[in-house]
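Q: Please explain the terms applied to the model shown below, setting each value against its criterion.

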Amino acid sequence: MKLARHDAQVRRFMTMPGIGPITALAFKATIDDPARFARSRSVGAYVGLTSRRHASGELDWSGRISKCGDAMLRSYLFEAAGVLLTRVPKWSAVKAWGVRLVKRNGLRKAKVAVARKLAVIL
């Protein structure tokens, strides 16, 4: 809590609903310098929250997440997405998008998608 309290960037991360001090500190430690990513969407792939593609001849399908990158940050973002979807009472654009995904695809897939979106926004 002391580290999170004294770092302005971590406090800014914690303004996102569902993101606590541990997730914010893990995100800052893993990403380090955000300028090394050309686009913010690349952060989702770096963390391993994008779908894995398999293409061979006529076969082309996208499977489960790639699980590349830091497993601890990925699990923290998944937990933050779960907190955002189930525990946070205040509505936001990300929560509304996630709730629509829950109705269409189920809670687990929605948590992964919201975790990816949280990584991109942070």
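Q: Why is T23 called buried?
A: T23 has a relative accessible area of 10%. Buried means under 20% relative accessible area, exposed means over 50%, and partly exposed lies in between, with a 1.4 Å probe and protein chains only; T23 is therefore buried. The areas come from the Shrake-Rupley method. The model is predicted: local features need pLDDT of at least 70 and side-chain atom pairs count only at pLDDT 80 or more, while totals for chains, interfaces and linings use all residues. Residues are numbered from 1 along each chain as its sequence is written, and side-chain values use heavy atoms, with hydrogens and water left out.

Q: In which helix does T23 lie, and which residues does T23 touch?
A: T23 lies in helix α3, residues 21-31. Helices are DSSP runs of H or I with at least four residues, strands are runs of E with at least two, and both are numbered from the N terminus. Not counting residues up to four places away in sequence, T23 touches L73, Y76 and L77, where contact means heavy atoms within 4.5 Å.

Q: What makes K28 and D7 a salt bridge?
A: The side chains of K28 and D7 meet at 2.4 Å, N to O. A salt bridge requires a side-chain nitrogen of Lys or Arg within 4 Å of a carboxyl oxygen of Asp or Glu, so the pair qualifies. K28 is in helix α3 and D7 in the loop between α1 (2-6) and α2 (8-13), so that the pair, 21 residues apart, links distant parts of the chain. Side chains of opposite charge can pair when their charged atoms come close.

Q: How many salt bridges does the structure hold?
A: The structure holds one salt bridge.

Q: Are K28 and D7 buried, partly exposed or exposed?
A: K28 has a relative accessible area of 28% and counts as partly exposed. D7, at 18%, is buried.

Q: How do you know that R74 has no salt bridge?
A: The nearest side chain of opposite charge, D70, is 7.1 Å away from the buried R74. Lys and Arg count as positive and Asp and Glu as negative, while His and the chain ends are not counted. R74 is found in helix α5, residues 71-86. Leaving aside neighbours within four places in sequence, R74 is in contact with V47, G48, L49, I65, K67, C68 and G69.

Q: What makes R52, R64, K67, R108 and K109 a positive surface patch?
A: Patches are made of residues with over 30% relative accessible area and no salt bridge; like charges are joined within 9 Å, and nonpolar side chains (Val, Leu, Ile, Met, Phe, Trp, Tyr) within 5 Å. The place of a charge is taken as NZ of Lys, CZ of Arg, CG of Asp or CD of Glu. R52, R64, K67, R108 and K109 form a patch of the positive kind. Two members illustrate the area criterion: K109 has 61% relative accessibility and K67 has 60%, so both values are over the 30% limit.

Q: Where in the fold are K109, K67 and R52?
A: K109 is placed in helix α7, residues 107-121. K67 lies in the loop between β2 (59-65) and α5, and R52 lies in strand β1, residues 51-56. Apart from neighbours within four places in sequence, R52 contacts W61, S62, G63, R64, I65 and S66.

Q: What is the phi of K67, and what is that of D32?
A: K67 has a positive phi of about 60° although it is not a glycine. Phi of D32 is near 60°, again a positive value in a residue other than glycine. D32 is found in the loop between α3 and α4 (41-47).

Q: Why is D32 called exposed?
A: The relative accessible area of D32 is 60%. Exposed residues lie above the upper limit already stated, so D32 belongs among them.

Q: Is V88 buried or exposed, and which residues does V88 touch?
A: V88 is buried at 16% relative accessible area, and its place is in the loop between α5 and α6 (93-105). Not counting residues up to four places away in sequence, V88 touches P17, G18, V83 and K95. V88 and G18 are 70 residues apart in sequence and 6.9 Å apart in space, C-alpha to C-alpha.

How values were computed
Areas by Shrake-Rupley, 256 points an atom, 1.4 Å probe, with all protein chains shown as cover.
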